[in-house]
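Student: I am new to this structure and would like a close look at one part of it. Please take the place where two chains meet, and then show me some of what surrounds that place.

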Number of protein chains: 4
Amino acid sequence: MAQKSAPDSTRRSEKSRRAIYAAALALVAEVGYPRTTVEGIAARAGVGKQTIYRWWPSKADVLLEAFLDLSGQAAEAAAAAGEEYAIPDTGDLAADLKDVLRATVDELLDEQFQAPYRALAAEGVVNEKISSEFVSRLLEPQLQLYVRRLEAAQEAGEVRPGIDPRIALELFVAPLAQRWLQRSGPLSHAYTDTLVDYALNGLAPR
Amino acid sequence: MAQKSAPDSTRRSEKSRRAIYAAALALVAEVGYPRTTVEGIAARAGVGKQTIYRWWPSKADVLLEAFLDLSGQAAEAAAAAGEEYAIPDTGDLAADLKDVLRATVDELLDEQFQAPYRALAAEGVVNEKISSEFVSRLLEPQLQLYVRRLEAAQEAGEVRPGIDPRIALELFVAPLAQRWLQRSGPLSHAYTDTLVDYALNGLAPR
Amino acid sequence: MAQKSAPDSTRRSEKSRRAIYAAALALVAEVGYPRTTVEGIAARAGVGKQTIYRWWPSKADVLLEAFLDLSGQAAEAAAAAGEEYAIPDTGDLAADLKDVLRATVDELLDEQFQAPYRALAAEGVVNEKISSEFVSRLLEPQLQLYVRRLEAAQEAGEVRPGIDPRIALELFVAPLAQRWLQRSGPLSHAYTDTLVDYALNGLAPR
Amino acid sequence: MAQKSAPDSTRRSEKSRRAIYAAALALVAEVGYPRTTVEGIAARAGVGKQTIYRWWPSKADVLLEAFLDLSGQAAEAAAAAGEEYAIPDTGDLAADLKDVLRATVDELLDEQFQAPYRALAAEGVVNEKISSEFVSRLLEPQLQLYVRRLEAAQEAGEVRPGIDPRIALELFVAPLAQRWLQRSGPLSHAYTDTLVDYALNGLAPR
DNA sequence: AGATAACCGAGACGGTACGTCCCGTCTTTTT
DNA sequence: AAAAAGACGGGACGTACCGTCTCGGTTATCT
C-alpha cells in the first residue's frame, strides 16, 4: 500500500510554520474566512504554496492548527502567570458560574477573537473531520472545566447527586453558544446570569 | 442614481424557479454544500446562469429560499392533514416537551434533511445576512411554538411566573442544537428526556 | 461518444484572438519561446487564461496560428501591392534563384522574424502534430513556388527533363535551412550563390 | 570575486554519472524530451538532484553529454571491431555516398536512436549554447568524414577542382537532414540515391 | 396583428484560486 | 568533500467557478 511518501517532519521549517499560522490568523481577521485563500496565506507568510500543502490538507486544517497553537500559547502564558487553569470555587456555585460566563460573553464579543473561532465553528458544521478535531481539542477541554466544577458542587451538596455534570453544563453553556453562533438573540451579562438561575433552580415552581 | 433595473417579477418563470430549488437541494444532498456551485445548479435545473443571478445574489440565498419553500410545503401538507401547527398540550408539560424533542431528534438524524439545514447553519455562522434570514424565517418561528407552550404552562402553574419563556426554552433546545451542529455529543431520546427533566427541576437540590 | 463540448466558434471574440496573437508574437520575440508562458500571453493580451485554453490546446498551437495569421496578412499585403506571389522568371534560372535565396538569407537574419519561426521549427522537431501543421501550412506552400519555377525552367530547357523538381529544390534550399536552424555554418549571399551554382552544374567534372 | 567553488572532479562518482546518462536516455525515449525532468532523471538514477546540478547546468547539457558518451562508446566498439572510422573509398564516389546515406536513413528511422537526437536538435534550434556544442562535437565531426571523401574524389578527378567540399556535402546531407527533422518528406533509399545523382551531375543539361 | 419589450437558455468572457509539478537552492546526514 | 535525500521559495500548469456580458428565441403585454 504505497503511501503518498509522507514528508520528513524532522526537517520541517519551524520559521515557516509560525509564519503560516500568523498569516492565516491575520487574514481571517482582516478579510474573513471565505476570502482567505491558501495562496494568500502563502504570499503573506513569504512561503511557497507547496509548503502549505505538504503539511496540511486544506485551509481549514491550517486555521485549526493555528488556532490551537494560539490557544496553547495563551494557556502557557496563563500558567506561567500562576493562574490556575480551572473555574474558581468560592463555595458559591451560582456566583462562580456567573463570573465565568460573563467573562466568556466578553470574549465572544471581542472582534479579534471571533473571526477565526467562528470560521472554525462554521467549517465544523459542514466538515466532519474538522468538527471532531475542533471538539476534541478545543471545545471538550473547556467543557471539562465545567464538569469538574459541577462535581465539586455535587460533593458540596449544591447539586443533586444523580445529575450528570456533562449534560448539566449544557443547560447554561449551549444557550450562550447558540445565541453567539446563530445570532439568535443578544448576549449580555444579564442573560447569562439568568441562564444560571434558571438552570440551577429549574423552571418548575418549588 | 441609476438602479440596476430590478427585474419584473410578474414575468418570472415559475417552472425555472421550482427547477432551481429542486436542483439546489439535490446537489447539496449529493455532493455537499461547498461543492455545490451556481453553475452546477443551473446545469442541473436546465437553466441559464443568469436566471439564477437575476433573482438571487448568491448560492446561499438560493439554498435558503429553496429550504424555506420546502418547509412551507411541509407545513401546508401538515395543515391540510388537519394537524395543528403547535406543540401539543396534554396538560403535562414534561411529557409534551419530551415528545416534541424526540421527534426533533429523529428529524435531525434524517440524512436527507440534514444536508441543506447544516449548510445553511454553517453559512449563517459566518455570513450575517444569511444568518438573520435563517433565524427570523426558520428558527424563530419554531422557537415561538415553545414560547406559546411555556406560556400555557405558566398559566397552568406548571412553570414559575417570573420565568421568561423565550430564555427558558433555550435550556433544552440549545443543548440539542449544539450537539447536533458541533457534534459535541450523541443524540438520543434518553438525552432529550434528561434535558427536559434537568431544565424543569433544576440542578440544585429541592 | 461524448465530446468535450466544443465551444461555439460563432460567438468567439475576434478582439481577444487578435490580442492573443499579438501578445504571443511579442513575448516570443522579447523573452524567447521557452520563457513565454500561456499565463504571460493571457496577461499581456488582457485575456483570461481559459480563453486561450478554450481555443488552443497548447502554447505551441497558439504561436503557430499567430504566425500563420501574420504570414497570411503579409501575403495579402503583398497581393494588394500588386506583387505576384511567385519566384520571378527572367529566363535565367540561376540568377532568379540567387535573387530569391539572397532575400531569404536577409529574412532569416532578421531578428524580429527569427524568434517565432525558430520556436515553431524547434517545437516541430519534437512534436509531430505541430510539425505537420507547420510543414503543410507554412513550409510546403513556399517550396511549391520553387517547384513551379523549376518546372518552367524544365520547359525552357534549362533543367534536364527527368529531374523531379520537388527533390531538386532541396539541393539549395535544405543547406540554407540547415545552416540557419542548426547554426552549422555562416549564412551569406556568397554562400547561397555557390549553392545554386553547385546544384545546377553538379559536382562532377563536365 | 568569489567563484561558485567549482567541484573537485577527481572525487566525482563514476557510478552516478553513468546512472544519470542511462536514466536520461531512457526517459527521453520513454516519455519524450519535454516531459523528461531533472527530478525524474535523479529519481530514476537513484541519485540526489544536487548531484546533477553540481556537474551540469541544465537537463539539455545532461542529455548532450549522455548522447556524446553513447556515440563515443559506439565509435569505440566499431574501432575495436576493426572498422575504419571513415567513409569507404572504392573509387566510385557515387556508390560510396549512396551506401553511406542508405545506412544513415536506416539509423534515422531507428526509434531508439531518434528520441535523444531529435531532442538535442530541437533544443539546439532555440538554445545557442547547446547548438554550438551539438554542432562542434557531434555534427561537424561526422560532416568532416564527407569532406575527406570528397577531397579524395577531387584528387581522383571525380569532383571538379574548384569545388568547396564543406559546401558540396550539404547538397545531399542537408536535404536528408531537413526531411528528417522537419518531416517535410518521406525518407527512403531511393530518395538518397536520387540526391547523390542530382548533386553529382547537376540539374542543368550536360 | 405587429411591435416591443422582458425573460430565458446558452455559454464566451476577464478573472481568481485551486491543487500539482518542477525548478534550482539549501540543509542535513551518511559514506 | 561528494553524495542521497528532500524541504524550501517560487512560478507555471491546466481546471473549475465566479459574476458579467451578449446572443438568438420565445412569450406576453401594449399599442
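Tutor: What follows goes from the interface of chain C and chain D to a nonpolar core, and then to single residues and one whole chain.

This is a predicted model, in which local features need pLDDT of at least 70 and side-chain atom pairs count only at pLDDT 80 or more, while totals for chains, interfaces and linings use all residues. Residues are numbered from 1 along each chain as its sequence is written, chains are lettered from A in the order in which they are written, and side-chain values use heavy atoms, with hydrogens and water left out.

At the interface, 49 residues of chain C are in contact (heavy atoms within 4.5 Å) with 49 residues of chain D. The size of an interface is often given as the accessible area lost when the parts come together. Here the buried area (accessible area, 1.4 Å probe, lost on putting two parts together and summed over both) is about 4,600 Å², and carbon and sulfur atoms give 60% of that area.

Four salt bridges (a side-chain nitrogen of Lys or Arg within 4 Å of a carboxyl oxygen of Asp or Glu) are found across the interface of chain C and chain D. Arg183(D) forms a salt bridge with Glu128(C), and the closest N and O atoms of this pair are 3.7 Å apart. The interface also has 30 residue pairs, both at pLDDT 80 or more, in polar contact; that term means a pair of N or O atoms within 3.5 Å, where within protein one must be able to donate a hydrogen and the other to accept it, and residues adjacent in sequence count only if both atoms are side-chain atoms.

On chain C, the helices (DSSP runs of H or I, at least four residues, numbered from the N terminus) that each supply at least two residues to the side touching chain D are H6 (111-126), H7 (128-155), H8 (165-168), H9 (170-182) and H10 (189-201). H9(C) gives the most to that side, with 10 residues.

The largest nonpolar core has 133 residues, and those with the most contacts inside it include Tyr146(C), Phe172(C), Tyr146(D) and Phe172(D). Such a core is a set of buried Ala, Val, Leu, Ile, Met, Phe, Trp, Tyr and Cys residues joined through side-chain atoms within 4.5 Å; buried means under 20% relative accessible area with a 1.4 Å probe, protein chains only. Domain 1 (13-83) and domain 2 (86-206) of chain C, with bounds from an automatic or database domain assignment, both give residues to this core, so it lies between them. Leaving out residues up to four places away in sequence, Tyr146(C) touches several residues, among them Ile87(C), Leu97(C) and Phe172(C).

Chain C has no contact with chain A, the closest C-alpha atoms being 17 Å apart. Nor does any contact join chain B and chain C, whose closest C-alpha atoms lie 14 Å apart.

In chain B, Asp193(B) lies in helix H10 (residues 189-201). Asp193(B) counts as buried because its relative accessibility is 13%. Not counting residues up to four places away in sequence, Asp193(B) touches Lys98(B) and Arg102(B).

As for a whole chain, chain A has 10 helices and zero strands. Of its 206 residues, 47% count as buried, and the C-alpha trace of chain A spans about 65 × 40 × 35 Å along its principal axes.

Terms used:
Buried means under 20% relative accessible area, exposed over 50%, partly exposed in between (1.4 Å probe, protein chains only).
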